[in-house]
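Open the model in your viewer and keep the sequence panel beside it. The tour below goes from one selection to the next.

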Amino acid sequence: MSERVPHMPAIFVGHGSPMNALGGDYARTWRQLGDSLPRPKAILCVSAHWYVEETAITAMSQPRTIHDFYGFPKPLYDIQYPAPGDAWLVERVSDLLAPIPVRHDHDWGLDHGTWSVLMHMFPQADIPVLQLAIDLRQSAQFHYDLGRKLAELRDEGVLIVGSGDWVHNLRLAIRAQSAEPLDWADRFNETVKELIAVRDHGPLIDWMSLGQDARLSIPTDEHYLPLLYVLGAQGQDDEVRFFNDAIDLGAISMTGVVLGRAA
């Protein structure tokens, strides 16, 4: 008899600074979150940091750990997250997204939007991890619709993770850890939570309709779009649970959300 595959949640993580890889309150919460989940068969991550002119998926058997940042302490560059790839999931994602072409990539790997979080959630690095690229040419609706197509993976034991920050304005960030949230950042963080809680995805897809707070929070969309994949994968009976609900540096939301059925 085959082992029962658990229905997995879909998760959005506010990953913030690469420094969170070295520990702290956010990392502790990620570890607790990993401990609370059923063990995934595999993980599919949409990271803000693979933002290119195509839809692609990592297809190598051993994706490299990418240190895609500059000017940080040496211990960050020493970190390796040697999770394996998964040929089955590469083909499954390609089939689910058809007829959209999905390039099988052998160059990228796991960037810090993925490994800085997963190294705390699943520290053994023994679960296959794939990244799906964000096609920067496409509309927000396109990305949400891809999430809907990928939702079937949840019933096949695959954990869908979006990694970004739904408030991400580095230009207006305040370079002090003690900085209070800027008023627009705080309001938009609450607006996103409220809309997710009542499963009102329309305004979140058409995020420009949410006004000046949204435009300040999302000056560029690469850190926001991973959320739309997760919302697209949401089921009708999923409970909603937020975690790490905070604003860093005045203008970077660390808030994450777990979408999953009640036990």
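What follows is a series of selections in a predicted model, with a note on what is found at each.

**Stop 1: strand 8**

Select residues 158-164, which make up strand 8. Seven of its seven residues are buried. Look at the side chains in two sets: Val158, Ile160, Gly162 and Gly164 point one way, while Leu159, Val161 and Ser163 point the other way. Both sets are buried.

Now add residues 10-14, strand 1, which pairs with strand 8 in the parallel sense over five bridges. Within this pairing, Phe12 stands opposite Gly162. Then add residues 42-47, strand 2, which also runs parallel to strand 8 and is joined to it by six bridges. Which residue of strand 8 is the bridge partner of Val46? The partner is Gly162. Gly162 therefore appears in both pairings, opposite Phe12 and as the partner of Val46, under the rule that two strands pair if DSSP finds at least two bridges between them.

**Stop 2: aromatic rings**

Show the rings of Phe, Tyr and Trp; six aromatic pairs are counted in the model. Start with Phe12 and Trp166, whose ring centres are 5.4 Å apart with planes at 15°, so the pair is stacked. The cut-off behind that label is an angle under 30 degrees. This pair links distant parts of the chain: Phe12 is in strand 1, and Trp166 is in the loop between strand 8 and helix 6 (183-197), 154 residues apart. Phe12 and Trp166 are both buried.

Move to Phe69 and Tyr77, a tilted pair with 5.1 Å from centre to centre and 50° between the planes. Are these two residues buried or exposed? Phe69 counts as buried because its relative accessibility is 5%. Tyr77 has a relative accessible area of 28%, so it is partly exposed. Keep both selected and add Phe72 and Trp115: ring pairs link Phe69, Phe72, Tyr77 and Trp115 into a cluster.

Two lysines are worth showing with their rings. Lys41 lies over the face of Trp88, 3.8 Å from the ring centre. The charged end of Lys193 sits over the ring of Phe242, at 5.8 Å from its centre.

**Stop 3: helix 4**

Select residues 112-121. Ten of the ten residues of helix 4 are buried, so the helix is largely enclosed by the rest of the structure. Trp115, from the ring cluster, is one of these buried residues; others include His112, His120 and Met121. To see what covers the helix, display strand 1, helix 1 (25-36), strand 2, helix 2 (74-78), strand 6 (129-131) and strand 8, which are among the covering elements. At the N-terminal end, Asp111 is the cap, with a side-chain oxygen 2.9 Å from the backbone nitrogen of Gly113.

**Stop 4: helix 3**

Go on to residues 87-97, helix 3, where the buried residues are Leu89, Val90, Arg92, Val93, Ser94, Leu96 and Leu97. They pack against strand 2, strand 4 (56-58), strand 5 (103-105), strand 6, helix 5 (140-150) and strand 8. Here the N-terminal cap is Asp86: a side-chain oxygen lies 2.9 Å from the backbone nitrogen of Trp88.

**Stop 5: the nonpolar cores**

In soluble globular proteins, nonpolar side chains tend to be buried together. The largest nonpolar core here has 50 residues, and Leu44 and Leu150 touch the most other members. Centre the view on Leu44 and show its contacts, among them Ile57, Leu89, Val93, Leu130, Leu150, Val158 and Ile160. Apart from this core lies another, of 31 residues, including Tyr26, Met121, Leu159 and Phe243.

**Stop 6: two aspartates**

Select Asp213 in helix 8 (residues 212-217). With a relative accessible area of 18%, Asp213 is buried, because the cut-off for buried is under 20%. Leaving aside residues up to four places away in sequence, Asp213 touches Trp184, Arg187 and Phe188.

Finish at Asp145 in helix 5. Asp145 counts as partly exposed, at 31% relative accessibility. Add Leu228, which is 83 residues from Asp145 along the chain; the C-alpha atoms of the two are separated by 8.5 Å.

Definitions and conventions: Residues numbered from 1 in each chain as written. Predicted model: local features only at pLDDT ≥ 70, side-chain atom pairs only at ≥ 80, totals over all residues. Heavy atoms only, no water. Buried < 20%, exposed > 50% of the residue type's maximum accessible area, 1.4 Å probe, protein only. Helix = DSSP H or I, 4+ residues; strand = E, 2+ residues; numbered from the N terminus. Phe/Tyr/Trp six-rings, centres within 6.5 Å; stacked < 30°, edge-to-face > 60°. Lys NZ or Arg CZ within 6 Å of the ring centre and 35° of its normal. Contact = heavy atoms within 4.5 Å. Core = buried A, V, L, I, M, F, W, Y, C linked by side-chain atoms within 4.5 Å. Polar contact = N/O pair within 3.5 Å; in protein donor to acceptor, adjacent residues only side chain to side chain.
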